[in-house]
Amino acid sequence: MRAVGVRGGKGDADALFIEDNVADPVATGDHILVRIKAFGLNRMDIMQREDKYPYKLLPESGKIMGVEFSGLVEELGPDCKGDFQVGQPVFGLAYGSAYAEKIAVSERMLMHLPETLTFEEAAGIPETFFTALQAVHLVGGIKPGESVLIHAGASGVGQAAIQVARHAGASTIFTTAGTDAKCQICRKLGADHAINYKDESSRDFADVVAHETNGKGVDLIIDLVGQSYWHRNTASAAMEGRIVIVAAMSGSMIEGFNLRALLNKRLSVLATTLRTRNAEYQGRLRDVFVEKVVPKLAGAGRNERESMGVTVDEIFPWQRVSDAHKKMEANVNAGKLICTVD
Ligand SMILES: NC(=O)c1ccc[n+]([C@@H]2O[C@H](COP(=O)([O-])OP(=O)(O)OC[C@H]3O[C@@H](n4cnc5c(N)ncnc54)[C@H](OP(=O)(O)O)[C@@H]3O)[C@@H](O)[C@H]2O)c1
């Protein structure tokens, strides 16, 4: 089959190319072979392209990038017990290898494609929604009526987290994003307050949280930014608040942090990752996704208040995967970047 390779084993976006004669994946055990129609991009793909992601520690990831995809079932492994059939449209999460014509994944990681979604939309859903569900529910333990602050609200994970928090009954949702257009997307998805952190005339998020909560702070913070927000995050958390660290896009070293900030409010700091979770955990997360999200999924033009979905920023033919990586590196996308496989 063909798959996206990296010239020289690592490099910049221009090093990406479509490689011929890559070994076909095989549907062994409970794995299902899927012919890929589209795959979604994620930031870890950039790290993997640069050979900086510890994917080699993951036995199933392989050297090909890509953790989410949609396509058609081509073959079932001998131990498959689910209700998938050859020819059915599906979408799913993988440890890697989705930048390719075919992939073999456990049936526990596949979902039937809802009629309301295109292959391109579905390919951009698993990684961000599984991550958001994990952060907001499984790790963050949200309860109806709690207030939430979600950073990088217009990122793929951020947009999913806003929707998951809203459908979980959050009382007030605060978000940060880097442009007015991104803030508008956050509001449409259900954020009550979207703060443009790059606009100097805009109030700082910590001030907005303090003002809107009468100094109480928020119950749950979903943080993708890390270093540059850390002190303001602890200042914005309510008594016994939880801070869930999902990423550290601004850096991960915190200088001058006084542990008293945690003790005084009895804060919990939690951190989570998805790709390094074992198959059993990911399978459980898939079941939560099928229960809480799949029935509400809808495509472009959906009613954002009633349904859930993904904003597709741009669709590239996979021959232009380098351009898609460059766009993600420039931080200009507001939603998912998708590649279609011909
Ligand atoms: N822990 C996990 O399980 C897990 C799973 C999936 C993804 N992740 C991580 O989550 C992060 C977001 O992924 P994604 O795919 O959702 O990203 P994305 O859709 O590409 O969006 C990222 C956005 O974050 C904002 N941003 C970047 N650097 C920033 C900074 N220094 N300060 C503030 N905002 C910044 C930018 O938007 P603005 O214009 O708003 O600044 C950027 O467009 C990545 O680091 C990814 O590796 C973690």
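Here are two short exercises on the ligand site of this predicted model. Residues count from 1 along each chain as its sequence is written, and side-chain values use heavy atoms, without hydrogens or water. Local features need pLDDT of at least 70 and side-chain atom pairs 80 or more, while totals for chains, interfaces and linings use all residues.

**Exercise 1.** Find which residues come nearest to the ligand, and sort its shell by class.

*Solution.* Start with the 23 residues around the ligand (a heavy atom within 4 Å): Gly156, Val157, Gly178, Lys182 and Tyr197 come nearest. Next, sort the shell: eleven residues are nonpolar, nine polar and three charged; Gly counts as polar here.

**Exercise 2.** Find the polar partners of the ligand's oxygen and nitrogen atoms.

*Solution.* Look for N or O pairs within 3.5 Å. Begin with oxygen: a polar backbone atom of Gly178 is 2.7 Å from one ligand oxygen atom, and a polar side-chain atom of Arg43 lies 2.9 Å from a ligand oxygen atom. Then take nitrogen: a backbone N or O atom of Val246 sits 2.8 Å from a ligand nitrogen atom. Finally, check burial: the protein covers 89% of the 920 Å² that the ligand exposes alone (Shrake-Rupley, 1.4 Å probe).

Notes. A polar contact is a pair of N or O atoms within 3.5 Å; within protein, one must be able to donate a hydrogen and the other to accept it, and residues adjacent in sequence count only if both atoms are side-chain atoms.
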